[in-house]
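Colleague: I am in my first year and would like to practise reading a model one question at a time. Could we go through this one together, with the reasoning spelled out at each step?

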Amino acid sequence: MPTLLVTGAAGIVGTALRPFLRQRYDLRLFDRKPVEHLSEGETALVGDLTDPACVQRAVEGVDGILHLACAHGTDIQFQATVEPNYHATLYLLEAAQRHGVKRFVFASSHHVLGQYRSDVAQSFDDMPVAPDSYYALSKVFGEAACATFSQRSELATFIIRIGNADPKVSDARRLRMWTSARDLAQLTLIGLEHPDVRQEIVYGVSESSNPLFHNRRARALGYAPQDTADHNLAENYLPYESMAAVGSGRDHVGGAYAGVPLASVLEAV
């Protein structure tokens with residue numbers, strides 16, 4: 001089987017995707033901490049994506065890359081994103097180009113559109129980016145870096161703007177952009193295998209009765225969600241009316257991220 005490098009493999013999303021992806025790929029699981037409970041066809045590498053030599057070793061010999069690793073948080077400062085989110089993404093893209101990797105799937109986020117108010121009747125698929133945090137700003141950079149390398153090499157890139165990937169839907173905002181692991185895995189496989197993929201942006205969302213993203217491009221590439229957010233509510237699910245009008249972020253695509261002040265970069269210098 002072909003080999004897929006998965007960065008951030010010990011995280012929640014990486015762990016959830018592994019059972020689906022290892023049916024089609026030998027998985028090289030990369031993280032800063034040990035990846036546990038390995039199955040047949042899985043190998044683990046402990047390392048740091050901010051180390052260029054380590055990245056080169058991780059990428060050598062793989063057929064595709066799924067880049068999930070990043071530093072994130074509502075209050076993360078800009079400087080804390082530079083090495084793990086900017087430099088590491090560039091290291092991976094350049095290493096992929098050098099080693100002849102054919103496909104690069106980049107885990108972006110709905111937070112690249114997070115500053116928009118969601119209490120309007122529209123789809124946000126084709127809106128200009130409006131990042132809600134330094135984390136989201138780094139995802140915009142990652143998307144642009146993918147475009148750069150796609151245009152300058154044979155590396156095909158596939159960007160998935162992931163909605164909410166929790167096991168269950170916790171509130172009305174997340175209901176509009178939740179994704180199951182198997183639907184996210186389906187999108188990942190499209191990015192790795194579809195012959196028409198060259199440079200794409202799609203949304204990591206399952207079905208919803210009131211979606212923020214219609215995901216037209218993903219559907220044109222054959223995406224057929226198997227799960228529906230409305231059928232996967234958590235026991236303590238909060239309907240819109242029960243969410244706090246202030247602080248919950250219920251009226252923004254990016255939720256609470258959109259309401260947190262950006263830490264000053266001037267004072268950090």
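Colleague: In which strand is Asp171 found?
Modeller: Please keep in mind that this is a predicted model, and that each answer here is read from it. Following the chain to residues 169-171, we come to a strand that includes Asp171. The strand asked for is β7.

Colleague: Is Asp171 buried or exposed?
Modeller: The relative accessibility of Asp171 is 7%, and the word buried is used for values under 20%. Because 7% falls under that cut-off, Asp171 counts as buried.

Colleague: With which side chain does the side chain of Asp171 make a polar contact?
Modeller: Several partners surround Asp171, and they should be kept apart: leaving out residues up to four places away in sequence, Asp171 touches Tyr237, Leu238 and Met243. A polar atom of the Asp171 side chain also lies 3.1 Å from the backbone nitrogen of Arg173, but that partner is a backbone atom. The contact between two side chains, at 2.3 Å, is the one with Arg174.

Colleague: Which backbone nitrogen lies 2.9 Å from a polar atom of the side chain of Asp31?
Modeller: Asp31 belongs to strand β2, which covers residues 26-31, and with a relative accessible area of 12% Asp31 is buried. Not counting residues up to four places away in sequence, Asp31 touches Gly8, Ala9, Ala10, Gly11, Leu45, Val46 and Gly47. In that set, the residue whose backbone nitrogen lies 2.9 Å from a polar atom of the Asp31 side chain is Ala10.

Colleague: How many disulfides does the count come to?
Modeller: A disulfide requires two cysteine sulfur atoms within 2.5 Å of each other, so the distance between sulfurs is what we need to look at. The sulfur of Cys146 is 13 Å from the closest cysteine sulfur, which is in Cys70, and that is too far for a bond. The count of disulfides therefore comes to 0.

Colleague: Which cysteine is buried, with a relative accessible area of 0%?
Modeller: For Cys70 the relative accessible area is 27%, and Cys70 is partly exposed. The value of 0% belongs to the buried cysteine, Cys146.

Colleague: How far apart in space are Ile159 and Glu143, C-alpha to C-alpha?
Modeller: Ile159 lies in strand β6, residues 156-162, and counts as buried at 3% relative accessibility. Once neighbours within four places in sequence are set aside, Ile159 is in contact with Phe106, Ser108, Glu143, Cys146, Glu200, Ile201 and Val202. Ile159 and Glu143 are 16 residues apart in sequence, while their C-alpha separation in space is 6.8 Å.

Colleague: Are α1 and α6 roughly parallel or roughly perpendicular to each other?
Modeller: Two packed helices are described by the angle between their axes and the distance between the axes. Here the axes of α1 (residues 12-21) and α6 (residues 181-193) come within 9 Å and cross at roughly 70 degrees, in a right-handed crossing. Among the residues that meet are Val13 and Phe20 in α1, and Leu184 and Leu189 in α6. Because angles from 65 to 115 degrees count as roughly perpendicular, α1 and α6 are roughly perpendicular.

Colleague: Are α2 and α3 oblique or roughly parallel to each other?
Modeller: Helix α2 (residues 52-59) and helix α3 (residues 78-98) pack at an angle of about 45 degrees, with their axes 9 Å apart. At this contact Pro52, Val55, Gln56 and Val59 in α2 meet Tyr91, Leu92, Ala95, Ala96 and Arg98 in α3. Because angles count as roughly parallel when they are under 35 degrees, the word that applies to α2 and α3 is oblique.

Colleague: Is Asn215 buried or exposed?
Modeller: Asn215 lies in the loop between β8 (199-204) and α7 (216-220), and the phi angle of Asn215 is near 60 degrees, a positive value in a residue other than glycine. A positive phi, near 55 degrees, is also found for His37, in the loop between β2 and β3, where His37 is exposed with a relative accessible area of 70%. For Asn215 the relative accessible area is 2%, which means that Asn215 is buried.

Key: Residues are numbered from 1 along each chain as its sequence is written. This is a predicted model: local features need pLDDT of at least 70, side-chain atom pairs count only at pLDDT 80 or more; totals for chains, interfaces and linings use all residues. Side-chain values use heavy atoms; hydrogens and water are left out. Helices (H or I, at least four residues) and strands (E, at least two) are DSSP runs, numbered from the N terminus. Buried means under 20% relative accessible area, exposed over 50%, partly exposed in between (1.4 Å probe, protein chains only). Contact means heavy atoms within 4.5 Å. A polar contact is a pair of N or O atoms within 3.5 Å; within protein, one must be able to donate a hydrogen and the other to accept it, and residues adjacent in sequence count only if both atoms are side-chain atoms. Axes are lines fitted to C-alpha atoms, for helices over the stretch in contact, and angles run from 0 to 180 degrees between N-to-C directions. Angles under 35 degrees count as roughly parallel, over 145 as roughly antiparallel, 65 to 115 as roughly perpendicular and the rest as oblique. A crossing is left-handed if the near helix is turned anticlockwise from the far one by less than a right angle, and right-handed if clockwise.
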